[in-house]
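Trainee: I should like to understand how the descriptive terms applied to a structure follow from computed values. May I put some questions to you?

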Amino acid sequence: MILPLVLNPDEHLRRENAEVTAITDELWDLLDDLHDTMIAHDGVGLAAPQVGRNVRVAVVEAEEGDLIELINPEVIESHGSDIDVEGCLSIPHIYGTVARPDEITVRYYDREGDELEMTCFDFLARAVQHEIDHLNGILFIDKLIDKVPEAQLEHYMQERLTEEIVNELGEADKVTKPEDQQKEEQ
């Protein structure tokens, strides 16, 4: 079922969120509803407070068909740093850059109650951290470095992609050894 989104400055987004203590049919329904709601609003993640439920539950689907359901998630390790643009379904039409670790390990429970650990990189790491922040009453605007006007969002994303491609090509050139280059030239 598609649930109504809670929008900033609604107090649900800033409340303390209760730990899940039991796997129930209601929890399964909430996980399903979070996914349906996220998809209906073209999101990549959604946390329970964003639909008015103050429990430590979130879903992330950074790639289509690869749904991650997070119950009582916590980041237990993080490395690196990256600055990229973020937005939020609960804060429509606002975008901006946020610094986050680009590698994290998360401990969480799945819908069966099994404790799992997952290491995430890059965009997935960013999406998971964004949702865990929601569970801690933190919004991306609390960490905002620079706003990116909605009208410039596509241009920003294209520049970011070009920068990543140039960096990857530069790294590939570093791997090529001088003797390999000499053989190629002959």
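Mentor: The discussion below takes up burial, charged pairs and strand pairing in turn. Please bear in mind that this is a predicted model.

Trainee: Why is E86 called buried?

Mentor: The relative accessibility of E86 is 6%. Buried means under 20%, so E86 counts as buried. This residue is found in strand 4, residues 82–88.

Trainee: What makes the link between the side chains of E86 and R126 a polar contact?

Mentor: The two side chains are joined at 2.6 Å, and the cut-off for such a pair of N or O atoms is within 3.5 Å. Beyond its neighbours within four places in sequence, E86 also touches other residues, including Y95, V98, H130 and F140.

Trainee: Why is the pair D82 and R126 called a salt bridge?

Mentor: The N to O distance between their side chains is 3.8 Å. The criterion is a Lys or Arg side-chain nitrogen within 4 Å of a carboxyl oxygen of Asp or Glu, therefore the pair qualifies. D82 belongs to strand 4 and R126 to helix 2, and 44 residues separate them.

Trainee: Are D82 and R126 buried or partly exposed?

Mentor: D82 has a relative accessibility of 22%, so it counts as partly exposed. R126 has a relative accessible area of 7% and is therefore buried. Both residues are part of a network of salt bridges that also links E86, R100, D133 and K143.

Trainee: Which distance supports the salt bridge between R107 and E117?

Mentor: Their closest N and O atoms are 2.9 Å apart, and the limit is 4 Å. The pair connects strand 6 (residues 103–109), which holds R107, to strand 7 (residues 115–121), which holds E117. R107 itself counts as partly exposed, because its relative accessibility is 27% and lies between the limits of 20% and 50%.

Trainee: How do you know that strand 5 and strand 8 pair?

Mentor: Strand 5 (residues 91–100) and strand 8 share 2 bridges in the antiparallel sense. Pairing requires at least two bridges, so the condition is met. Within strand 8, K147 stands opposite G96.

Trainee: What makes strand 4 and strand 8 edge strands?

Mentor: The open sheet has 3 strands in the order 4-5-8, with antiparallel pairing. Strand 4 and strand 8 each pair on one side only. Helix 2 (residues 122–135) lies across strand 4 and strand 5, at about 55 degrees to strand 4.

Conventions:
Residues are numbered from 1 along each chain as its sequence is written. This is a predicted model: local features need pLDDT of at least 70, side-chain atom pairs count only at pLDDT 80 or more; totals for chains, interfaces and linings use all residues. Side-chain values use heavy atoms; hydrogens and water are left out. Helices (H or I, at least four residues) and strands (E, at least two) are DSSP runs, numbered from the N terminus. Buried means under 20% relative accessible area, exposed over 50%, partly exposed in between (1.4 Å probe, protein chains only). A polar contact is a pair of N or O atoms within 3.5 Å; within protein, one must be able to donate a hydrogen and the other to accept it, and residues adjacent in sequence count only if both atoms are side-chain atoms. Contact means heavy atoms within 4.5 Å. Axes are lines fitted to C-alpha atoms, for helices over the stretch in contact, and angles run from 0 to 180 degrees between N-to-C directions.
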